[in-house]
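These are my notebook entries on one protein model. I set down what I looked up and what I found.

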Amino acid sequence: MQNKVWLCAIIFAGITGMCEARPDTAGEFLTFGLGARASGMGEAFTAVADDSTAVYWNPAGLACQSQKSVTLMHNNLYPDLYNDIYYDGLVYASPVSPKTAFGIGITYLHSGSHDIVNLNPATQKIDVVGSFQTSDLSITGCYAKGFDNGLSAGMNIKYISSKTYYINAESYAADFGVMYQTPVKGIRLGAVLKDWGKKVQNVDHYQSDGLPTTVKAGAACQLNENVLIAGEVIKPLYDKFTGGAIGVEAVLTDRFVGRVGYFSKERDCQGLTYGAGIMLDKWQMDVASLPTGKLGKTNRVSVSRRF
């Protein structure tokens, strides 16, 4: 037990990072995360990824799962400022053999209603002449394969759509993930390249932005049957920022789980996360609270079922 704790401490050393300014990117909603369980653990889930949300966090994690599972998430994104901006997700995962699995995921960001204004030449005042909705959507297909040496690999292909006023921008991207069950019982390593794809063309090829392509590498340590700790390094490929995350999950009773974590995702988006889960037979409901920088905190709810 003591050796395992020291090994985890060495692996997790240096996961905190400094944040610097970054350029604009398209499809920023792709970085918002999926599932309240991972959110409560500071989003340190790259080497955990042991439920259906592996479709989002690390597709390689699906190959290690023996049951079908589904997760539905709802999130009022900025409740302190707006009541019509929400972020939802749905993922489904299914094994097709002891070491092969597939999954599908959908995330949707509704960014609210926005006024269309016009200068009235008669009154020289700004009049509201209409409104429009903005939204972002991603649809992901996932395939994962396990191997005899404790290694598993997975890949996602995703379709991305962004609608703003009269612009309907589309793109395609891929995720590549690996996971390794080390010879030390209870310790897993994981890495993922997320959102690698072509630029989102807003109007023409002169007006396009790159996707938020990111590399993550981390470790998870099951200290005992009740305590899981995880950490990772986060390296976006679109700027100089390097961040990290760490999280703990503790089984407090046979039906109740507590979680706490910390992440540093951007200069103005870092801080403590916390959450809890209630388990009933094959059902699980999770809640989490996490910071969104200067826009306050956001609360996330998800419901999962294994079958």
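What share of the contacts in the protein with a separation of 6 or more comes from residues 24 or more positions apart? I find that such residues account for 52% of those contacts. I note at the outset that this is a predicted model.

**Entry 1: overall make-up.** I counted the secondary structure and obtained three helices and 16 strands. The protein has 307 residues, and 48% of them count as buried. I then looked up the exposed area, which is about 15200 Å². Carbon and sulfur atoms supply 61% of that area.

**Entry 2: nonpolar cores.** I keep in mind that in soluble globular proteins nonpolar side chains tend to be buried together. The largest nonpolar core here holds 29 residues. Within this core, I recorded Phe-45, Val-48, Leu-62, Ala-220 and Ala-230 as the members that touch the most other members. I next asked which elements give two or more residues to this core. They are the helix α3 (54–57) and the strands β2 (86–97), β4 (125–146) and β11 (227–236). Of these, α3 gives the most, with four residues. Apart from this core lies another of 15 residues, and I noted Phe-32, Tyr-78, Ile-160 and Ala-173 among its members.

**Entry 3: salt bridges.** My search of the whole structure returned nine salt bridges. I examined three of them individually.

Arg-37 pairs with Asp-50, with the closest N and O atoms 2.5 Å apart. Arg-37 sits in helix α2 (residues 36–40), whereas Asp-50 is in the loop between α2 and α3, and 13 residues separate the two. I checked the accessibility of both partners: Arg-37 counts as buried at 10%, while Asp-50 is partly exposed at 29%.

Lys-99 forms a salt bridge with Asp-148, and here the closest N and O atoms are 2.6 Å apart. Lys-99 belongs to the loop between β2 and β3 (100–120) and Asp-148 to the loop between β4 and β5 (151–164), so this pair ties together parts 49 residues apart in sequence. Is Asp-148 buried or exposed? I read a relative accessibility of 75% for Asp-148, so this residue counts as exposed. Lys-99 is partly exposed, at 33%.

The side chains of Arg-259 and Asp-286 meet in a salt bridge at 3.0 Å, N to O. Because Arg-259 lies in strand β13 (residues 256–266) and Asp-286 in strand β15 (residues 283–291), the pair ties together parts 27 residues apart in sequence. I find Arg-259 buried at 5% relative accessibility, and Asp-286 is buried at 2%.

I then asked which residues are linked in a network of salt bridges. The network comprises Arg-37, Asp-50, Asp-51, Glu-249, Arg-259 and Asp-286.

**Entry 4: nonpolar surface patch.** I located a nonpolar surface patch of about 780 Å². Its residues are Leu-252, Phe-256, Ile-278, Leu-280, Trp-283, Met-285, Val-287, Val-301 and Val-303. The elements that give two or more residues to the patch are β14 (269–280), β15 and β16 (297–306). Strand β15 gives the most, with three residues.

I looked at Leu-280 as one of the patch residues. Leu-280 lies in strand β14. Its relative accessible area is 44%, so I record Leu-280 as partly exposed.

How values were computed:
Residues numbered from 1 in each chain as written. Predicted model: local features only at pLDDT ≥ 70, side-chain atom pairs only at ≥ 80, totals over all residues. Heavy atoms only, no water. Core = buried A, V, L, I, M, F, W, Y, C linked by side-chain atoms within 4.5 Å. Buried < 20%, exposed > 50% of the residue type's maximum accessible area, 1.4 Å probe, protein only. Contact = heavy atoms within 4.5 Å. Areas by Shrake-Rupley, 256 points an atom, 1.4 Å probe, with all protein chains shown as cover. Salt bridge = Lys/Arg side-chain N within 4 Å of Asp/Glu carboxyl O. Patch = residues over 30% accessible without salt bridge, like charges linked within 9 Å, V, L, I, M, F, W, Y side chains within 5 Å.
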